Amino acid sequence: MTQKHPDFEKERHRLAYTKDYMEQLLVESQRDVQSAQENIRQSMADLDYLDSSLSYLNILTNARFFEMARSQREGLEAIRQKPYFARIHFQKDGEEAEELYIGKTSLFHRDTQEPIIVDWRSPVANVYYDGRLGDIEYDVRGERNHGHLFSKRQYTIEDGELLDVRDIDLTTNDELLQEALSGKADVRLTEIVSTIQAEQNEIIRAHLKQPIIVQGAAGSGKTTIALHRISYFLYTMGEHFPAEKLMILAPSQLFMGYIADVLPELGVGKIQQTTFSDYVQAATSSKLKLRDANEKLAMLMEKEALDEQTAWISRWKGSLVCKSLIDQYLAELEKDITHLFDDIYLEKYRIMRKERLQQLFLTEFAYMPVEKRLARIKTVLQSHVRQKKKELLHLLAKKYDEALDKALFGLRDADKRKEQTTRLIDERDHRLPIIEKQSKTLVSSYMKRFTKHKTKDLVQSFYLAVPSLANWTEAQTASFLTYQSSIEWENEDLASLFYMQAKWKGISEEHKMRVVFIDEVQDYSEFQLAALKEGLETDMFTMVGDLAQGIHSYRSLTNWDGVLDLFPRANFQTLQKSYRTTIEIMTVANQLLEQMEENLPLVEPVVRHGILPQFHPADSLTPDYVKVLLDKIKASGHRSIAIITKTAVEAKRLYGQLKKTLAVQLLQEGEEIDPSCTLIVPSHLAKGLEFDAVIVTALDSVYRDHPIDRKLLYVAMTRPMHELHLVAPSISHFLFTESMISDKNLLDVVS
Ligand SMILES: Nc1ncnc2c1ncn2[C@@H]1O[C@H](COP(=O)(O)OP(=O)(O)OP(=O)(O)O)[C@@H](O)[C@H]1O
């Protein structure tokens with residue numbers, strides 16, 4: 001048995017003290033909840049015969065009290081089994097040294113205000129993640145603080161029991177991290193607050209109002225970090241940015257399920273979680289039947305390359321050239337609208353000149369989207385008409401009064417006088433009500449000349465107009481028009497759609513997010529990012545991705561330069577270390593990375609060893625073979641296992657073959673992962689996921705020496721944490737040569 005830490009007993013007492021205090025609070029908050037409930041019940045009963053406003057007030061106050069007590073109770077219960085995970089012994093300059101225990105939320109002693117637990121997101125906790133021992137500096141709301149860090153200590157606490165205590169300094173390996181990485185056999189992502197590494201901490205806490213772009217290796221924790229940054233953001237800036245104004249854009253519905261449990265664990269609720277496609281459709285009120293994005297990918301995987309036309313159009317739709325052509329197109333439409341303005345008359349009086357209206361439209365309201373400008377002009381006109389009508393009625397009434405006076409007192413001839421006054425009275429009684437009536441409908445009938453358009457119709461008419469705006473050859477124009485007539489909507493059109501909405505109608509308050517987090521950003525085009533940024537009028541974006549996994553690169557980013565141009569204030573960070581995979585697996589995956597055009601540095605796995613990846617030469621995967629293999633993997637203690645195929649067709653075929661005898665699930669977009677099954681998943685859908693062990697197959701088709709295949713294979717190979725198995729008739733199906741096996745000893749061949 002290993003030696004216990006000399007302070008173990010002391011720490012056990014400290015834990016007992018914390019737990020006791022928490023129990024006491026739990027009892028109190030339970031009492032508070034009950035008393036609030038009782039008060040509400042009483043006030044309800046009193047409603048009928050007491051002054052009801054007083055009872056309502058009572059109900060409201062108690063409801064608020066109830067909510068507070070309940071949320072305190074829930075908070076305490078969430079950390080009951082593991083109140084904290086680390087301690088720093090720290091002295092701020094000019095103050096007494098303190099021992100601060102760091103956990104998922106903070107807890108202060110009600111009477112003494114002593115911090116019993118300090119939140120991991122608090123400024124001082126940064127010292128734990130960032131600080132080396134000795135003299136250190138840290139920021140609190142932009143102010144530099146100095147201090148001295150004497151020690152950092154970590155705890156293993158399970159079910160409220162202290163199991164281990166260890167001090168960490170520069171020389172000790174981070175055992176807690178090692179433990180965290182070697183365990184975990186879940187198909188879901190978890191929070192990592194106790195083992196966040198310094199380079200990850202830097203990204204989580206990087207200036208929150210500044211955009212950040214992270215190029216991170218597979219398994220470097222990008223998704224995890226993005227989620228922790230959200231939690232940190234709300235903790236630090238939640239007062240100014242409510243959770244409803246934060247949005248995380250995930251690559252798929254499937255992925256959202258995969259991250260769903262982490263956010264509540266990190267104390268994050270209510271934030272918008274969606275995909276780019278769903279968000280754009282909601283924000284533009286369009287329901288689109290989008291062509292399956294993977295159709296093109298499948299085409300790419302079968303052919304040498306997408307046919308030049310298709311690739312060219314996809315690239316163009318995601319480019320800033322397309323964006324500037326929309327600007328040109330909209331400028332033309334604006335011109336057309338400008339010509340529609342006429343002088344506006346109330347009865348026979350001109351009450352506003354068209355030049356004034358044009359000036360409002362083109363200059364004064366130019367900062368607004370087109371339809372918003374027209375709506376504003378309508379309001380301006382309405383109040384102007386109201387005003388003018390009043391003036392006019394007053395003026396005319398006065399004019400008729402004077403004329404009547406003149407007729408009554410100026411005309412001697414009684415007949416003439418009568419005729420004149422009657423005429424004047426008739427005329428007045430006819431005209432004034434007409435003015436009154438006309439004024440009511442004048443503006444709305446004037447505004448009818450400006451027809452409203454659906455955003456998606458505008459995009460379609462833009463596409464029809466493009467050939468006259470772009471410098472295309474006849475052949476390009478012809479292929480574009482043929483292409484457009486063959487499809488309805490596809491992922492590539494979403495940028496135009498969102499941008500058009502922003503410029504023409506504006507993004508409604510409900511969809512106007514103020515802070516955006518994007519995972520797998522390498523799959524976005526420059527235009528998609530530009531459209532989001534302009535439409536939302538913010539650059540507070542956290543963007544994480546990996547160019548090596550850019551399997552849609554025919555239509556998305558191939559380098560970061562363009563994104564840096566779009567976000568000139570951005571902080572650019574790279575993460576090279578992989579926390580997911582063993583050294584043995586990463587060494588094989590790195591062979592692929594070396595062959596890629598992106599020139600990305602090799603991934604450094606954290607020091608964790610496992611078995612060599614195994615190559616199983618086989619023409620097919622029979623149920624018997626899979627069963628033996630799965631049993632062997634499970635015997636090593638691994639639970640989450642996936643078979644990753646190259647194509648969706650192969651996945652389906654394998655599923656058909658295995659489902660009768662084995663518990664397998666064919667993973668499809670929009671489905672939940674069933675942890676009790678072995679998953680069968682095509683490589684493009686495996687992106688972002690992780691498993692204990694992965695079996696990569698290339699049975700029906702080979703991974704070719706082609707950028708897209710290399711990326712797909714790289715994605716597949718970087719999914720496992722512990723074991724990688726490759727199954728194909730020949731090792732060349734995985735882009736490896738025999739010498740890699742014999743000379744470099746990278747793989748084990750299992751016959
Ligand atoms: N500091 C850490 N402590 C413990 N586990 C970590 C840490 N950082 C990352 N991990 C784990 O490493 C794995 C990979 O993390 P994550 O999925 O966030 O990486 P990623 O960069 O998004 O990967 P990919 O690009 O392959 O999708 C997860 O299991 C995560 O919990």
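Start at the ligand: its shell is made up of eight nonpolar, 13 polar and four charged residues. Keep in mind as you click around that this is a predicted model.

Next, pick out the residues that come nearest. Of the 25 around the ligand, these are Thr-195, Gly-221, Lys-222, Thr-224 and Tyr-579. Show them as sticks and leave them on.

Now switch to cartoon and colour two helices, α4 (175-182) and α6 (222-237). Each of them supplies at least two residues of the ligand's shell.

Zoom out a bit and colour by domain. Which two domains does the ligand lie between? Select 83-185 for domain 2 and 583-734 for domain 4: both give residues to the shell, so the ligand sits between them.

On to the sheet. Six strands make it up, and if you walk across you'll meet β10, β9, β13, β14, β8 and β15 in that order. The sheet is open and its pairing is parallel. Select 272-275 and 571-575 to see the edges: these are β10 and β15, each pairing on one side only. Looking across the strands, neighbours are turned by 15 degrees against each other on average, ignoring direction.

Stay at the β15 edge and add β8, residues 212-216. The two strands pair in the parallel sense over five bridges. For a landmark, label Ile-212, which has Asn-571 of β15 standing opposite.

Last stop: select helix α9, residues 276-283. This helix packs on the sheet, where it touches β9 (246-250) and β10. Line up your view with β10 and you'll find the direction of α9 at about 105 degrees to that of the strand.

Definitions and conventions: Residues are numbered from 1 along each chain as its sequence is written. This is a predicted model: local features need pLDDT of at least 70, side-chain atom pairs count only at pLDDT 80 or more; totals for chains, interfaces and linings use all residues. Two strands pair if DSSP finds at least two bridges between them. Helices (H or I, at least four residues) and strands (E, at least two) are DSSP runs, numbered from the N terminus. Axes are lines fitted to C-alpha atoms, for helices over the stretch in contact, and angles run from 0 to 180 degrees between N-to-C directions. Two residues are in contact if their C-beta atoms, placed from the backbone, lie within 7 Å. A residue is near a molecule or strand if its C-beta atom, placed from the backbone, lies within 6 Å of it. Ala, Val, Leu, Ile, Met, Phe, Trp, Tyr, Cys and Pro count as nonpolar, Asp, Glu, Lys and Arg as charged, and the others, Gly among them, as polar. Domain bounds come from an automatic or database domain assignment.
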